[in-house]
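This report describes selected elements of secondary structure and the way they pack. The sequence and the model are shown first.

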Amino acid sequence: MLDAFRQFISEEQLILPGQRVLIAVSGGMDSICMASLFVEAGIDAGIVHCNFGLRGIASDGDEYFVREWAANAGLPFYSKQFDTAAEANSKGISIQMAARDLRYTFFKELAAQKDFDLIATAHHRDDAIETFFINLIRGTGIGGIKGIAVKKGNIIRPLLFATRTVIEQYINTNKIRFRHDTSNDHDHYLRNRIRHSLMPALTEIAPDLQNIMTQNFQRFAEAEKIYRHQIKAVREELLHEEGQQIKISIRGLSALHPPATWYWEILHPFGFSEEVCSDIRKASGKEAGKIFFSNTHRLLIDREYLFIEELKAANNEVSSEYLIHANDTRMVAPLGATIEHCIIDDQFSIPTLPSIACMDEGKLSFPLTLRKWKRGDVFHPLGARGKKKLSDFFSDHKFTRFEKENCWLLISDGRIVWVVGHRIAHFVRVTKQTNKICLITLTEV
């Protein structure tokens with residue numbers, strides 16, 4: 001089995017020379033088998049164990065066993081105890097999901113702290129087949145039928161070449177001790193029911209099931225690559241970045257078929273669930289102004305476009321005010337900008353870019369204030385006949401709700417002198433009588 005292990009690592013290019021591997025070991029047969037193979041192969045590694053506290057004294061026994069195993073093998077050992085049940089209750093998820101989240105978060109943090117390049121888990125060929133049927137039963141797309149990835153990020157599965165039978169033979173032949181998890185004997189969990197009932201029945205029908213499914217996984221994975229390539233091409237065509245927002249044409253998205261699948265593929269990377277993607281599709285083009293939220297983003301349905309922006313961490317940005325003093329030359333927060341004070345000469349020409357405010361410094365009263373807009377704000381735009389409500393200015397220029405919320409105003413002595421990035425006020429314009437200007441240039445547009 002050692003030769004097959006080395007060959008699989010080489011063929012899949014799982015571990016490059018000089019890389020260190022953190023081996024996830026529960027104490028069960030599969031993970032002890034994998035750890036033993038790493039030791040035999042002479043690969044630089046460490047052992048990590050999670051104590052989920054779900055089986056009382058047996059969980060503590062597992063941790064002690066793995067600690068002793070690592071010591072005998074001469075490998076560094078790391079462990080952490082979790083209150084998995086409390087985690088599941090607080091997040092409203094299953095025990096299995098909570099354990100998975102806790103496990104991988106800990107692995108990745110530890111690997112970064114201790115300079116391990118890779119994290120190895122002991123998933124094998126039977127696990128991949130069981131996962132396939134679990135996903136089918138729960139409902140899945142093409143990504144859920146390709147089995148378990150050999151490598152994903154810095155997570156590797158160097159036992160995917162082996163069946164459970166092969167692992168048992170290796171353990172028995174080498175008389176290697178391991179811990180038996182009695183929860184695997186019961187059918188409380190879906191995986192156990194599939195393992196104990198479905199798999200034997202399918203193997204009786206198709207004795208070569210292992211190899212058949214391995215070939216299926218390869219075909220499914222190749223089909224998914226083609227599928228993902230097309231998704232990527234369409235996303236690049238449809239999604240356009242405008243500042244901190246993503247803009248998507250409703251007409252372009254709705255023209256894709258089948259529309260439900262395309263809405264899901266385009267929007268779920270922003271954290272929107274399948275149900276919410278369906279609601280967005282139904283509202284697109286019909287309910288302008290409606291907003292949908294995921295855990296990480298919010299989406300606005302406008303007249304012709306969907307606008308998506310990342311949710312900002314809770315802060316007081318909307319009510320905050322920032323001062324610009326007469327001697328300031330640079331602004332970092334909340335916007336990036338340079339500030340210049342210039343004497344006009346014969347070579348001067350007024351810049352026309354909306355990202356530059358060119359104002360008569362004699363009309364300004366420092367310090368200037370930068371703040372978000374408020375209801376009731378009025379503004380006399382450059383070139384306009386008189387004042388108007390800022391909300392009307394927004395409407396005239398077709399600001400989306402997101403653009404209104406993200407719009408900053410530059411204030412001098414209580415009056416708006418610049419709708420930042422859009423228009424200066426008429427009264428601070430440069431005239432023939434102006435001899436000194438204040439030039440504010442946005443550096444992040």
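Which residue of strand 22 is the bridge partner of Asp360? The partner is Ile437. The model is predicted: local features require pLDDT of at least 70 and side-chain atom pairs pLDDT 80 or more, whereas totals for chains, interfaces and linings use all residues. Residues are numbered from 1 along each chain as its sequence is written, and side-chain values use heavy atoms, leaving out hydrogens and water.

**The four-strand sheet**

Helices (H or I, at least four residues) and strands (E, at least two) are DSSP runs numbered from the N terminus. Two strands pair if DSSP finds at least two bridges between them. Strands 13, 14, 22 and 15 form an open sheet in the order 13-14-22-15, with antiparallel pairing. Strand 13 (330–331) and strand 15 (356–360) are the edges; each has a single partner strand, so one side of each lacks a neighbour in the sheet. Five bridges link strand 15 to strand 22 (residues 436–442) in the antiparallel sense, and Cys358 has Leu439 of strand 22 as its bridge partner.

Five of the five residues of strand 15 are buried (under 20% relative accessible area, with a 1.4 Å probe and protein chains only). Ile356, Cys358 and Asp360 lie on one side, and Ala357 and Met359 on the other.

**The five-strand sheet**

A further open sheet has five strands in the order 7-8-11-10-9, again paired antiparallel. Its edges are strand 7 (239–242) and strand 9 (291–293), each pairing on one side only. From one strand to the next the twist averages 25°. Strand 9 is joined by three bridges to the antiparallel strand 10 (residues 297–301), where Arg298 is the bridge partner of Phe293.

Two helices pack on this sheet, with contact meaning heavy atoms within 4.5 Å. Angles run from 0 to 180 degrees between N-to-C directions, and axes are lines fitted to C-alpha atoms, for helices over the stretch in contact.

| Helix | Strands touched | Angle of directions |
|---|---|---|
| Helix 9 (residues 209–238) | strand 7, strand 8 (245–249) | about 40° with strand 7 |
| Helix 12 (residues 274–283) | strand 9, strand 10, strand 11 (305–310) | about 170° with strand 9 |

**A helix pair**

The axes of helix 6 (residues 125–138) and helix 8 (residues 190–205) come within 10 Å and cross at roughly 105°. Helix 6 is therefore roughly perpendicular to helix 8 (the range for this term is 65 to 115 degrees). Among the residues making the contact are Phe133 and Ile137 of helix 6 and Leu198 and Leu202 of helix 8.

Definitions and conventions:
Parallel < 35°, antiparallel > 145°, perpendicular 65-115°, else oblique. Buried < 20%, exposed > 50% of the residue type's maximum accessible area, 1.4 Å probe, protein only.
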